[in-house]
Structure formats: structure tokens, C-alpha cells
Amino acid sequence: MPQSILEEVALAERFIQNPIIHTKDIKPSTAGMKVECVLNPGVFMFQNKIWLLLRVAERPVQKDGFITFPIMDEHGHLEILSFPTDDPEIDLSDKRMIGYQGKTYLTTLSHLRLVCSDDGGISFTEDCGIPNQIFGHGSLETYGIEDCRVSLINGVYHLTYTQVSAYGVGVGLMRTKDWINFERDGMIIPPHNKDCALFEENIKDKYFCLNRPSGVGLGGNFIWIASSPDMLHWGDYKCLLMTRPGHWDCARIGAGAAPIKTPYGWLEIYHGADFNHRYCLGAVLLDLHDPSVVLARSDEPILEPVAPYETTGFFGNVVFTNGHIVDGDEITMYYGASDEVICAAKLSISRILSHLKVV
Ligand code: MAN
């Protein structure tokens, strides 16, 4: 067994109930739609319960010879597109995307869905007594909203999520106190950017966030940090963490949930993929007073896709997290596996810290 897997077994203890949410557990949002993927949940405590804000990815049942998928218009009406799969101009090499006549589409349309738990975060229900579906709005979200991070700042839940449209992929912000009334702030970081994790505390009177622009040609898929006076206007961008040639995180990296404050620094669990689209999780420690300074980073992943539900599914060999609950030294981390199901694992902050290598 490779050393990295031995280490990983010691660091992350998967729930024996994994996967804890399957696609069949989630109702389609509209008649005629099929839930293909339930993945990458934001996580938070509300009314003394653990809640997940799932990403639900849907499309119509597929017919032989065609790839059929929904998009929305800017008023929220669904439109179904269908292309013949034998068209010489179609590119279906990545199951998540469609390339056709010079344009890119997604094979599924994602929205966000609330579920809550009555048993401390092992099983979840859609029956939580409040409307639980959040859809994209307007022209910047016509291909869906994805991978929402939930950060609690001054008693307000801040939702940073990926907005997808023909205009590109950017970061949107919504805020709520009660999960019934939402303020939509629109796009706070323009394309191409995603994986935005807000710090839950101000540092020297400024808000901070991790984010992931994508360089075209020069640069790459690196994690950046930015600060803001009001969470709407971001500046002072710095490149924080780069991909590492030859490593498990050589192709792209992106932040997970809100950084965890420890006495030694801000601990961030991030995802890293290689050129075969194998997604693992690692961790990085940032200076408490100046989070643009990296103190330590994992050499080996803290979680790798090795369980059958992590290696096989809609998009196999993927573990991806953007949500957790922290209780003392214990992290309960929720994650999407194979872009199809939701799983959870327990990790210890002190054990992650001792596995990091000083940079
Ligand atoms: C991208 C995003 C994620 C997804 C991974 C793996 O990073 O689209 O939502 O989980 O790819 O497919």
C-alpha cells in the first residue's frame, strides 16, 4: 500500500454510513428532470441542527443518440437543448461538459437544496419546515449555481457560490439570517473565478477570502487571497498557493470551506487535482495575523478517493469538500464523492497540523 494511503487512513475516519445521501434520496425539482448528482454541500448549524446546502445537478432522462440538458433563461424559465452525439462537432470527452460548435455547455443544471439532520449529522431530510430549493437568478446564473460555501459572520450566513453562464464562471454572494429571506448581492468576483471561502472573522478591520482565478496561458489554477472593506469590493489580490508539478495537486487547486482558526494559524482544507482529474484533499496553514503568508502545507493528501463510492460514479476519482462543522479538535467534514453522492468523515485538527510540512 502506498505511504500516502496509510497516512490518509490515520487522518480521516470515514462514516460507516457513507454515502450518507444518494441521488435517489433527493426529489427532482421539476417533473421530467432526473437528479444525476448530489454533491459538494455547504454546511452550517441553525436552530441547533446540522444543515447541508447541497448542490443538486439535474437533466432530463437521456435518449439514445442525443445529449439532452437544461439551461435557464434569465427569467428562470427552463429550456431543454439536445444535440446528436454523433455530430462531428460535438466534444463529450469530459462528462461534466459539452463542447459544441465552439461553445461550452454543462451536461447538468445545478441548484442548491437545504436538508437538515435530527441525529447529529448522519442522516438528513428535506422536510425541514422551510422552502428548501434555491435556484439561479438572472443572466449570470443561467447554467446554474454550484458548490456553495456557508460562512457565519456577525450572525449572518454568507453564501459564496459558483455562478455559471455563457458569460463565464464567477463568484456570487447571498446573505440570510433565517434561511427564508435572502439578499442577493450578485457577482462579487468576475470570471474566471470560483471556490470562494470567506474568513469568518475580520483581520485588521478587513474581510478576507480565498478564491481561485484561472490563468489562461500564463499562470494557472492557483489559490489566491483578497481583502475587502465590505465583502462586495475585493482587492489586494495575492497568489497564495500554487499547484505542484509531479504532485497529486499538480493541475488545479481550490479552497474548501471557511478557514478554521487555530492557535497556530488559519487551517484550510483544499482540493487538488492532477491531470487525470483525480481530486484529493490537502491542507494548508496560514499566518493568523497575515493570512497571505503560508506557514505549512500537506505533502500527501489528507483524503484520497479510494473507497468504491469515491472511485466510481458520475465523475469517478473525486473527493471535494466545501463544508464542515468544527467542535474543539474535531472536524466533521462533508464531501462530494465521484460528483454523485454525499459522504462525511471525522478529522482531528491537531493530527492534520502535525502532518503539515513547514514551507
Ligand atoms: C470542479 C467543480 C466541482 C467538481 C469538481 C470535480 O472543481 O465543478 O464542482 O466537484 O470539478 O468534477
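Start with the shell around the ligand: by class, this shell has four nonpolar, one polar and five charged residues. Keep in mind as you click around that the model is predicted.

**Stop 1: the ligand and its neighbours.** Select the ligand together with N40, R55, R96, D147, K194, Y279, F315, V318, F320 and D339, the residues around it. If you switch on a pocket display, look for the largest pocket, where the ligand sits.

**Stop 2: polar contacts to the ligand.** Now show side chains as sticks and pick R55. One of the polar atoms in the R55 side chain lies 2.6 Å from a ligand oxygen. Move on to R96, where a side-chain N or O atom is 2.6 Å from an oxygen atom of the ligand. Then choose Y279, which places a polar side-chain atom 3.1 Å from an oxygen of the ligand. Try a surface view next: on its own the ligand has 310 Å² of accessible area, and the protein covers 92% of it.

**Stop 3: a salt bridge in the shell.** Go back to R55 and add D147; both belong to the residues around the ligand. What do the side chains of R55 and D147 form where they meet? They form a salt bridge, with 3.0 Å from N to O. Colour strand β3 (residues 49-60) and strand β11 (residues 144-153) to see the wider setting: R55 lies in β3 and D147 in β11, so the pair ties together parts that are 92 residues apart in sequence. In general, side chains of opposite charge can pair when their charged atoms come close. Across the model, the count comes to 20 salt bridges.

**Stop 4: two cis peptide bonds.** Leave the ligand and turn to the backbone. Select N18 and P19: the peptide bond from N18 to P19 is cis, with omega near -15°. P19 is in the loop between β1 (12-14) and β2 (33-46). Next select P191 and H192, which are also joined by a cis peptide bond, with omega near -15°. Here H192 lies in the loop between β14 (182-189) and β15 (193-198).

**Stop 5: a positive phi.** Finish at N48, in the loop between β2 and β3. Is the phi of N48 positive or negative? It is positive, near 60°, in a residue other than glycine.

Conventions. Residues are numbered from 1 along each chain as its sequence is written. This is a predicted model: local features need pLDDT of at least 70, side-chain atom pairs count only at pLDDT 80 or more; totals for chains, interfaces and linings use all residues. Side-chain values use heavy atoms; hydrogens and water are left out. A residue is near a molecule or strand if one of its heavy atoms lies within 4 Å of it. A polar contact is a pair of N or O atoms within 3.5 Å; within protein, one must be able to donate a hydrogen and the other to accept it, and residues adjacent in sequence count only if both atoms are side-chain atoms. Accessible areas come from the Shrake-Rupley method with a 1.4 Å probe; for residues, only the protein chains shown count as cover. On a 1 Å grid over the protein atoms alone, a cavity is a set of points where a 1.4 Å probe fits but cannot get out, and a pocket is an open set with protein on both sides within 12 Å along at least five of seven lines; lining residues have an atom within 4 Å of a point. A molecule sits in a cavity or pocket if more than half of its atoms lie within 2 Å of its grid points. Ala, Val, Leu, Ile, Met, Phe, Trp, Tyr, Cys and Pro count as nonpolar, Asp, Glu, Lys and Arg as charged, and the others, Gly among them, as polar. A salt bridge is a side-chain nitrogen of Lys or Arg within 4 Å of a carboxyl oxygen of Asp or Glu. Helices (H or I, at least four residues) and strands (E, at least two) are DSSP runs, numbered from the N terminus.
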